[in-house]
Amino acid sequence: MEKQTKILQPTAENIELCARALRAGELVAFPTETVYALGAAATDDRAVEKVFEVKGRSRDKALIVAVSDKSRVGDVVKRIPQKARMLMDRFMPGALTLVMDKADCIPSVTTAGGSSVAVRIPDNPVALKLIELAGCPVVVPSANTSDKASPTLASHVLDDLGGRIQYVLDGGASEIGIESTVIDMRVDPPVVLREGGVTVAQIESVIGGVAFKREPSKLSGGYTPNAEVLFAAYFDGMAQSIISRYDELTRRGAQVVIFCLDGNRELYGSRNAYALGKDYKAYAHNLFAALRRADADLYETVIAEGVNPEGIGESLIARLIKLSGGMII
């Protein structure tokens with residue numbers, strides 16, 4: 001029997017209601033600074049199993065665990081390496097997830113049978129208050145089915161999970177719009193497993209050099225848009241390259257849309273294009289919502305502008321490459 005999913009404003013009373021639901025083994029979606037999360041008590045095997053069922057997520061994909069304060073990180077890990085402490089001091093709360101050896105209280109279903117746990121502290125007051133009141137660590141995968149783009153609005157959550165979960169706390173649009181950066185702190189140098197809201201350059205400014213894992217990690221999601229995504233390499237002639245590919249595809253009868261910065265929209269004339277914002281931060285923030293829109297508008301191909309690898313652009317490039325399956329023009 002389907003639940004009647006309720007969208008709630010994040011009042012003190014409603015946050016307490018959702019905290020009680022988490023303690024009772026229910027699922028609650030709530031905002032973070034990256035995307036909306038699907039929360040369940042991380043120490044409750046059955047509640048975590050529900051997360052996999054609702055999302056249609058493979059059980060060999062570990063779930064990130066969130067705590068409400070740096071003092072609570074020690075509750076879910078066996079030890080905190082020195083470099084992890086340095087990153088916690090600089091970036092937590094924030095869009096950074098650290099992988100460390102798990103404490104015994106974290107069940108194997110949460111970690112996909114592994115001995116490590118991925119931990120973060122969301123930089124969102126609603127999320128922090130909810131986790132604090134729940135009184136337990138909370139798993140925080142994105143609040144969508146695994147075949148959909150990560151949700152950045154409460155309405156996206158309702159589109160995907162309506163009737164499957166108890167509550168959605170509506171905190172407005174997610175600030176960043178792409179997931180957290182994930183880094184394995186059990187080795188030296190630490191290994192970046194996923195690039196996201198905190199850039200590699202920012203991390204290296206605190207702890208020095210890092211390594212990269214090139215094959216998919218156990219934390220990687222399985223989302224693939226309905227539309228084919230092509231990623232245009234960033235260079236002076238990028239717009240003309242996009243136009244050439246767009247015109248070639250439309251001559252064959254394909255329905256194509258371009259993702260671009262606001263300032264570049266006029267370069268594409270009357271061609272279909274979504275302007276995603278004035279800068280790279282806005283581009284990243286609006287990317288998943290634009291993919292949802294492209295699927296709803298039945299576009300067969302998305303051509304996404306490349307960006308300069310500076311600041312958030314570095315993480316945006318990594319995300320676009322993954323979405324495109326490496327199909328770069």
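Q: Where does Ala 112 lie?
A: You'll find Ala 112 in the loop between β5 and β6 (116-120). Keep in mind that this is a predicted model.

Q: Why is Ala 112 called buried?
A: The cut-off for buried is under 20% relative accessible area. Ala 112 has 13%, so Ala 112 counts as buried.

Q: What makes the phi of Ala 112 worth a look?
A: The phi of Ala 112 is near 55 degrees, and that's a positive value in a residue other than glycine. Leu 298 also has a positive phi without being glycine, near 65 degrees. Leu 298 sits in the loop between α8 and β15.

Q: How do you know whether Leu 298 is buried or exposed?
A: Exposed means over 50%. Leu 298 comes in at 66% relative accessibility, so Leu 298 is exposed.

Q: Why is β6 described as largely enclosed?
A: Just count: 5 of the 5 residues of β6 are buried, so the rest of the structure largely encloses this strand. Ser 116, Ala 118 and Arg 120 point one way from β6, while Val 117 and Val 119 point the other way, and all of them are buried. As a general rule, side chains in a regular strand alternate between the two faces of the sheet.

Q: How do you know that β4 and β6 pair, and in which sense do they run?
A: Pairing takes at least two bridges. Strand β4 (residues 64-66) and β6 have 3 bridges and run parallel, so they pass the test. One partnership to look for is Ile 64 with Ala 118 in β6.

Q: What makes β5 and β6 a pair, and in which sense do they run?
A: Here 4 bridges join the strands, and they run antiparallel. At least two are needed, so β5 and β6 count as a pair. Across from Val 119 in β6 stands Leu 98.

Q: How do you know that β13 is mostly covered?
A: In β13 (residues 256-260), 5 of 5 residues are buried. Val 256, Ile 258 and Cys 260 point one way, Val 257 and Phe 259 the other, and every one of these is buried.

Q: What makes β15 and β14 partners of β13?
A: Again it comes down to bridges. β13 is joined to β15 (residues 301-304) by 4 bridges, running parallel, with Val 257 partnered by Val 302. With β14 (residues 273-275), β13 pairs in the parallel sense over 3 bridges, and Phe 259 faces Tyr 274 there. Both counts meet the minimum of two bridges, so both strands pair with β13.

Q: Which residues touch the most other members of the largest nonpolar core?
A: Those are Leu 98, Ile 183, Phe 259 and Tyr 283, out of 77 residues in that core. Helix α8 (residues 280-296) gives the largest share, 8 residues. Another core lies apart from this one, with 27 residues, including Phe 30 and Tyr 167.

Q: What does Phe 259 touch?
A: Leaving out residues up to four places away in sequence, the contacts of Phe 259 include Tyr 274, Tyr 283, Leu 287, Leu 291, Val 302 and Ile 303.

Q: How do you know that Cys 18 is in no disulfide?
A: The structure holds 0 disulfides. For Cys 18, the nearest cysteine sulfur is that of Cys 136, 13 Å away. A disulfide needs sulfur atoms within 2.5 Å, so Cys 18 doesn't qualify.

Q: Why is Cys 18 called buried?
A: Its relative accessible area is 0%, and the limit is under 20%, so Cys 18 is buried. Cys 260 is at 0% too, so the verdict there is also buried.

Q: Why can you say that the buried residues of α3 line one face?
A: In helix α3 (residues 82-91), Ala 84, Leu 87, Met 88 and Phe 91 are buried. Looking down the axis of α3, the buried residues fall within an arc of 105 degrees, so they line one face. The face turned away from that side carries the exposed residues Gln 82 and Asp 89. Among the elements covering the buried residues of α3 are β5 (96-101), β9 (181-184) and α6 (200-207).

Q: What is the omega of the peptide bond from Met 92 to Pro 93?
A: Omega is near 0 degrees there, and the bond is cis. Pro 93 is in the loop between α3 and β5. Asp 188 and Pro 189 are joined by a cis peptide bond as well, with omega about 5 degrees. Pro 189 belongs to the loop between β9 and β10 (191-194).

Note on methods. Residues are numbered from 1 along each chain as its sequence is written. This is a predicted model: local features need pLDDT of at least 70, side-chain atom pairs count only at pLDDT 80 or more; totals for chains, interfaces and linings use all residues. Side-chain values use heavy atoms; hydrogens and water are left out. Buried means under 20% relative accessible area, exposed over 50%, partly exposed in between (1.4 Å probe, protein chains only). A nonpolar core is a set of buried Ala, Val, Leu, Ile, Met, Phe, Trp, Tyr and Cys residues joined through side-chain atoms within 4.5 Å. Contact means heavy atoms within 4.5 Å. The arc is that of the directions from the helix axis to the C-beta atoms.
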